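Dear colleague,

I am handing over the structure below, and my notes on the contact between its chains and on its nonpolar cores follow. Please read them with the coordinates open.

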Amino acid sequence: MNIRKIEENEKICVLKIIGTNTKVMNAIRRCAMSDVPVLAVENIAIHKNSSVLFDEYIGMRLALLPIKTDPKIYKKGDKVKLVLKERGPKVVTSADIKCSDPNVEITAKDVPIVKLKDGQQIFFEMEAVVDTGREHAKWQPALIAYYELPKLDGEVDEKTAKNVLNSCPKKILEYRAGKVLIERPESCDLCFCCEEASNGKLKLNLTNNSFILKVETYGSLKPALVLEKAIEAIRERCEKFEDELKKLK
Amino acid sequence: MIIPVRCFSCGSVVGDLHKKFEEEVRKGKNPKEVLDEMGVKRYCCRRMLLTHVEVIDDLMKFSI
């Protein structure tokens, strides 16, 4: 397996993976979605709410806020207390939420929770719990997707190749020794313009063994860490399976 | 009512973008350009901001 990093920043990590199959990629994707524990607001005590929004409406909004989680400190089942106490006139945002632990913060700062008119008050005590996406989507750490990379099969002469190269709206094709190569397959939109321009000589196929993996975090964990934790989850499960197998002997 | 915290389809946070989006659009800027500048790529997230109507301000007038 050959892995190359295409892009990485605080929010997104894009990897090109060559020499694997869809089963492996899908295992990583599903584990990243449902087996990586992060913090999210679970229990709320509403002491006061005279705003125009209902208690449960605000509760839902609070639960969806992504909370920065340090996996070294917070294991599955751990809890942390948060408080939101405001008085109008004010637009209450996620930045107004105070936490007992300075390591824990809400990553999306300017999300409006509720708008308060003069004299309206809210007072919420919240409990954020570490759990996984299997339980509820609010604990899902990242948006993760993989695509099979395309390739062009078949041979063409130089004249047709020129047409093919021009037909590509993304201009990512290159002609080399009778073959048209996709120079940056990760940018391909699968528009099939190259196939049409080649008069049936070229065929756009999927490679089946090379993939592009995109991890876009919601803010609770770094994208690379999401992958790391997902793989850890797969390993844990395989070990459990192995232990059970040993018992059979 | 009030801008949703997350995109309905993909789940990425869009609530924090609404204030800037509305300010820029009210200034007369093309919504497409504003969304591109803010890095909202997918059309699911773009429709969240484009089609949102902030009703809460009107509703607040009728609260006690």
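Please keep in mind throughout that this is a predicted model.

I began with the interface, where 21 residues of chain B are in contact with 21 residues of chain A. Together the two chains bury about 1900 Å² between them, and 63% of that area lies on carbon and sulfur atoms. As for charged pairs, the count between chain B and chain A is 3 salt bridges, and in one of the salt bridges R42(B) is paired with E216(A), with the closest N and O atoms 2.9 Å apart. There are also 9 residue pairs in polar contact between chain B and chain A, both residues being at pLDDT 80 or more. On the side of chain B that touches chain A, the residues divide into 11 nonpolar, 4 polar and 6 charged.

I then turned to the interior. The largest nonpolar core has 31 residues, and among those with the most contacts inside it are L39(A), L62(A), I97(A) and M126(A). Elements of both chains give two or more residues to this core, including β3 (38-49), α2 (55-63) and β4 (79-87) of chain A and α4 (56-60) of chain B, while β8(A) gives the most, with 5 residues. Leaving aside residues up to four places away in sequence, L39(A) touches, among others, I67(A), Y74(A), V80(A), V104(A) and W139(A). A second, separate core of 20 residues includes I17(A), V226(A), L227(A) and A230(A).

With best regards

Notes:
Residues are numbered from 1 along each chain as its sequence is written. Chains are lettered from A and ligands numbered from 1 in the order in which they are written. This is a predicted model: local features need pLDDT of at least 70, side-chain atom pairs count only at pLDDT 80 or more; totals for chains, interfaces and linings use all residues. Side-chain values use heavy atoms; hydrogens and water are left out. Contact means heavy atoms within 4.5 Å. Buried area is the accessible area (1.4 Å probe) that two parts lose on being put together, summed over both. A salt bridge is a side-chain nitrogen of Lys or Arg within 4 Å of a carboxyl oxygen of Asp or Glu. A polar contact is a pair of N or O atoms within 3.5 Å; within protein, one must be able to donate a hydrogen and the other to accept it, and residues adjacent in sequence count only if both atoms are side-chain atoms. Ala, Val, Leu, Ile, Met, Phe, Trp, Tyr, Cys and Pro count as nonpolar, Asp, Glu, Lys and Arg as charged, and the others, Gly among them, as polar. A nonpolar core is a set of buried Ala, Val, Leu, Ile, Met, Phe, Trp, Tyr and Cys residues joined through side-chain atoms within 4.5 Å. Buried means under 20% relative accessible area, exposed over 50%, partly exposed in between (1.4 Å probe, protein chains only). Helices (H or I, at least four residues) and strands (E, at least two) are DSSP runs, numbered from the N terminus.
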